[in-house]
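Welcome! Let's get to know this structure together through a few questions and answers.

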Amino acid sequence: MLFYRCIDTEMMEHILKNHEHIQELCHDYEQGIKATTVNNDNADKYNTSVDCDVTENVDSIDKGACSFGNISVIGNRFEIQKDDTRSQSLTETSVIASRETTCPSSAGRQLRGNWLAYWEHEIGRPEKDTIFNIKQIKLQTFNGHTNSIRCLYVLDNENSFMSGGRDKTVKLWSLRSQGDGTTVSSCQYTYTGHKKSILSLTFLESLRYAVTCDGVIHCWDPFMGSLLGCPESSRPVPVNTLASSPSPSTTLLAGTTDITLRVIDCRTFQYVNEMKISMNPTGLIRCIAVSPSGNWVALGQASGFLTILDTRTGLIIASWKGHECEILQLEAINETTIVSSSLDQTIAVWSAIDGKLKFHMKGATEPVHCMAMHEQALVIGTTANRIGVYTAVEMTASLSSSKLRSDAFKGILTAMAVLPLNRLLLLGADNGGITLLC
């Protein structure tokens, strides 16, 4: 209704083929409100807020009444404030200024989707401004897990994502930021085939399979909800981390508790190769990063060691002690660079060619247990509920960070995923909640 009042008849006729029908519906709707209000309350008190004839008012509206001067943003919705001076000048032509301040329902002014990005575009924010800037505006909440979130994976179209938790379930969710940020969504599907806490989760783009593990690997179809297979080995060893090879490859990389990298062909669910990483019994593989080409893979171990393997030959390119404590996260930036974070509160950048240290990223004051790339920027999440963004993976890169506010995110941060197309952030908490922020 507010939108209709802000557009003249000629524009409405251009936009809507059935504009006459819309006019009739609006007229009937407001007449109904008028009749109800008059019957229930004092007619004099509410007459100005409901008395309208859309057909007459559309032609007579002053465009100034809908300028941004009398609009303010409250949370994730618009409020239209009363302007006494403007109201007096419009007394003969319209009662809209006084009516809009007491609109019967604020729900009509709530925008669906990423309204923040929309208005940034409308006010002319430069397209070249690609800096990932989190304003901590809550768009949507996802409730369903009963225990801590262990891993998140956003599908490539950013219309849905998967989450794995300590409650032994994997859930598929639909991503539709809507309303005023208070929307709580339920999952589309829950996979309950695991018997233990989910340790790792990935998605094989070439086959459109979800692959999850609780020590045992399960390959399943998230769209049909059916288990496809569980790779079995003659020498069963628990798997604690997974990574998928880039499309069009159909292979899956699995890090086991006996410090071995195993290669699985997901077309047949068979182990096709395995590579021994180290004889160090404390070197449990914690994380895997695959190069964009898939020609090499980097492994981070609990002992602080890093290893780079050539996936074509199975040979070790480099292996070295990179951190004093356990490695928490590993990212392949490009074909020649990897980034690692550790429990020792450092973030290191390494050469993927020979394993030599390039430099340390400065600024992090807590262990970084969540890390993701967004174009040139490095987005990090720390154990102290702090989100930070490095402008680039460079020695001179600046870091902007802020503590997650309790009104935007509840609980302790345990998992993070970046939605690069919409510049959104998906955060998982120890209480089982998942929050979408912009």
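pLDDT is the predictor's confidence in each residue, on a scale from 0 to 100. It matters here, as this is a predicted model.

Q: What pLDDT does the protein average?
A: Begin with the share of residues that score at least 70, which is 75%. Taken over the protein, the average pLDDT is 80.

Q: Over which residues is the pLDDT below 50, in a stretch with 53 contacts beyond near neighbours in sequence?
A: Those contacts are present in the model, yet the confidence there is low. Where pLDDT is low, the predicted coordinates should not be read in detail. A further stretch, residues 85–111, also stays under 50 and has 45 contacts beyond four places in sequence. The stretch with 53 contacts is residues 45–68.

Q: Which residues of the largest nonpolar core touch the most other members?
A: This core has 18 residues. Several strands each supply at least two of them: strand 25 (368–374), strand 26 (377–382), strand 27 (386–390), strand 29 (413–419) and strand 30 (424–429). The residues that touch the most other members are Phe132, Val379, Ile387, Met416, Leu425 and Leu427.

Q: How many residues make up the second, separate core?
A: In soluble globular proteins, nonpolar side chains tend to be buried together. Here the second core includes Ile137, Ile149, Phe161 and Ile434. Its size is 17 residues.

Q: Is the pair formed by the rings of tyrosine 153 and phenylalanine 203 stacked or tilted?
A: A search of the whole structure finds nine aromatic pairs, and in this one the ring centres are 6.2 Å apart. Tyrosine 153 belongs to strand 4 (residues 149–154) and phenylalanine 203 to strand 9 (residues 200–204), 50 residues apart. The planes meet at 45°, so the pair is tilted.

Q: Is phenylalanine 203 buried or exposed?
A: Its relative accessible area is 0%. Buried means under 20%, so phenylalanine 203 counts as buried.

Q: How are the rings of phenylalanine 161 and tryptophan 173 arranged, stacked or tilted?
A: Phenylalanine 161 sits in strand 5 (residues 160–165) and tryptophan 173 in strand 6 (residues 170–174), so the pair ties together parts 12 residues apart in sequence. Phenylalanine 161 and tryptophan 173 are both buried. With ring centres 6.0 Å apart and planes at 10°, the pair is stacked.

Q: Which residues form one aromatic cluster with Phe161?
A: Phe161 has already appeared as a member of the second core. Its partners in the aromatic cluster are Phe142 and Trp173.

Q: What distance separates arginine 262 from the ring centre of tyrosine 271?
A: Arginine 262 lies over the face of tyrosine 271. Its distance from the ring centre is 5.2 Å.

Definitions and conventions
Residues numbered from 1 in each chain as written. Heavy atoms only, no water. Core = buried A, V, L, I, M, F, W, Y, C linked by side-chain atoms within 4.5 Å. Buried < 20%, exposed > 50% of the residue type's maximum accessible area, 1.4 Å probe, protein only. Helix = DSSP H or I, 4+ residues; strand = E, 2+ residues; numbered from the N terminus. Phe/Tyr/Trp six-rings, centres within 6.5 Å; stacked < 30°, edge-to-face > 60°. Lys NZ or Arg CZ within 6 Å of the ring centre and 35° of its normal. Contact = heavy atoms within 4.5 Å.
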